[in-house]
Amino acid sequence: MLSGFIMSGNTAVARFSGRAVTPIFPELAPLCFRNGGDLKPWLEMRAMDHHRPNGRILKRLLRLGDTSDWNTALHVHGAAITDQYWVKSDGEQDLRWEDVRFTRDDFADVALHGSFASFSKPYTPEQLRAPTPELTNIGRFEKCWRLIDGKWVILKQETIREIYSEVFTARLGKHLGFRMADYHLVDGCVAAEDFTEGCCNFEPMAYITGDNEDYADNYEALRQLKPGLEREYLEILFLDALVFNTDRHTQNFGILRDRKIGEILSMAPNFDNNIALISRGYAADPLNLSNRLADRFRALKHKKGVSEPFPALDDKEVRTIAEDTMPEADIDRDYVVRLVMGNYEKLLMR
């Protein structure tokens, strides 16, 4: 039976025996372990999606053998780029964060492209032993973490319409004054720097509410965690309805915490908006689309008695953003403007 510690940097913040977790410093432990919990789903949540073909190629290259989510995460001690949590077994007393944290991107091309050339490169024994962040790079799209100018940058393979939707939404959100991840293009992929910048821990909402995507439940959980977070959550839901992002789930939004003292700082920047806008094609008439996301948003505001107005928006502003985003791409920008402004009108309905 595996036993040891959940670490934050070089501090043991929780003890585990088998799957049972007992906090040592609840204020520093992952939020899901403040009152104890189960190690297995937490580790599995941190593992690379086992459905990704390039992930299977990488595991074969690394000779994982047992390719379960549990073993995949444990192969790199459960460490990830966006926080400093990791797992240390009782037989690893001398192991430190400096030994576990990621400093190389040797397998970025394998994870992103899965090509024969990247698989058959003459990797050294040192490279094959070094921790790779790809095994805890979650999500179903082919992606990788790459070191660019000393910073970790995530690259994700998407179609042109998905990339456009991601970049446009980030720019629209910034225009509205919302905190957004900054997306741009690198080698034909959509890319964004690690928004934790090595000083914060990102904790997905799944650490707090599990798979529960109910707006009211998440709103209330965030409000109780730290008043003010619920307002930032409303901004995420507002933008989701504005661009028809139907893929918001509890793994792709969450909070930022100070790594040293565990203080909850804010909601994390809004990210992962590629399944939005025009990513799945063009409807015949965007103005006549039913928008259940807008309906749910208005219902939540009414239920919680939220009266604060959201930013004003006009079609000239949207058109400027639509035309300035990837101007060389073959995108129907008139459609984008009509879709967004139509959704905006639905959000303003009483």
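Visitor: Why does Thr-132 count as buried?
Guide: Thr-132 has a relative accessibility of 4%, and buried means under 20% relative accessible area, with exposed over 50% and partly exposed in between (1.4 Å probe, protein chains only), so Thr-132 counts as buried. This is a predicted model, in which local features need pLDDT of at least 70 and side-chain atom pairs count only at pLDDT 80 or more, while totals for chains, interfaces and linings use all residues. Residues are numbered from 1 along each chain as its sequence is written, and side-chain values use heavy atoms, leaving out hydrogens and water.

Visitor: Where is Thr-132, and what does Thr-132 touch?
Guide: Thr-132 sits in the loop between α7 (125–129) and β6, where helices (H or I, at least four residues) and strands (E, at least two) are DSSP runs numbered from the N terminus. Setting aside residues up to four places away in sequence, Thr-132 touches Leu-62, Val-76, Phe-102 and Phe-107, a contact being heavy atoms within 4.5 Å.

Visitor: Is Gly-9 buried or exposed, and how do you know?
Guide: The relative accessible area of Gly-9 is 5%, so Gly-9 is buried, although its place is in a loop, the one between β1 (3–8) and β2 (11–17). Not counting residues up to four places away in sequence, Gly-9 touches Gln-84, Trp-86 and Trp-97.

Visitor: What makes the pair Arg-146 and Asp-109 a salt bridge?
Guide: The side chains of Arg-146 and Asp-109 meet at 3.0 Å, N to O, and a salt bridge is a side-chain nitrogen of Lys or Arg within 4 Å of a carboxyl oxygen of Asp or Glu, so the pair fits the rule. This salt bridge links distant parts of the chain, since Arg-146 belongs to strand β6 (residues 143–148) and Asp-109 to helix α5 (residues 108–113), 37 residues apart. Arg-146 is buried, with a relative accessible area of 15%, whereas Asp-109, at 37%, is partly exposed.

Visitor: How many salt bridges are there by this rule?
Guide: The count comes to 24 salt bridges. Among them is the one between Lys-156 and Glu-166, whose closest N and O atoms are 3.6 Å apart, and both Lys-156 and Glu-166 are buried. Another joins Asp-240 and Arg-248, with the closest N and O atoms 2.9 Å apart, and these two residues are buried as well. Salt bridges that share partners also join Lys-156, Glu-158, Glu-166 and Asp-272 into one network.

Visitor: Why is a group of residues called a nonpolar core, and how many residues has the largest one?
Guide: The name is given to a set of buried Ala, Val, Leu, Ile, Met, Phe, Trp, Tyr and Cys residues joined through side-chain atoms within 4.5 Å. The largest nonpolar core here has 80 residues, and those with the most contacts inside it are Phe-168, Leu-172, Leu-242 and Leu-277. Its largest share, 10 residues, comes from helix α11 (residues 229–243). A second, separate core of 20 residues includes Met-48, Leu-61, Ala-79 and Val-100.

Visitor: What does Leu-242 touch?
Guide: Apart from residues up to four places away in sequence, Leu-242 touches Leu-172, Leu-176, Leu-313, Val-340, Asn-343, Tyr-344 and Leu-347.

Visitor: Which strands make up the open sheet, and in what order?
Guide: The open sheet has 3 strands in the order β10-β11-β12, with antiparallel pairing; two strands pair if DSSP finds at least two bridges between them. For β10 and β11 the pairing runs over 5 bridges, so these two strands meet the rule of at least two. β10 (200–204) and β12 are the edge strands, because each pairs on one side only.

Visitor: What is notable about phi in Asp-187 and Phe-244?
Guide: Asp-187 has a phi near 50°, a positive value in a residue other than glycine, and Phe-244 has a positive phi of about 60° although it is not a glycine. Asp-187 lies in the loop between β8 (183–186) and β9 (189–193), and its relative accessible area of 63% makes Asp-187 exposed. Phe-244 lies in the loop between α11 and β11 and, at 18% relative accessibility, counts as buried.
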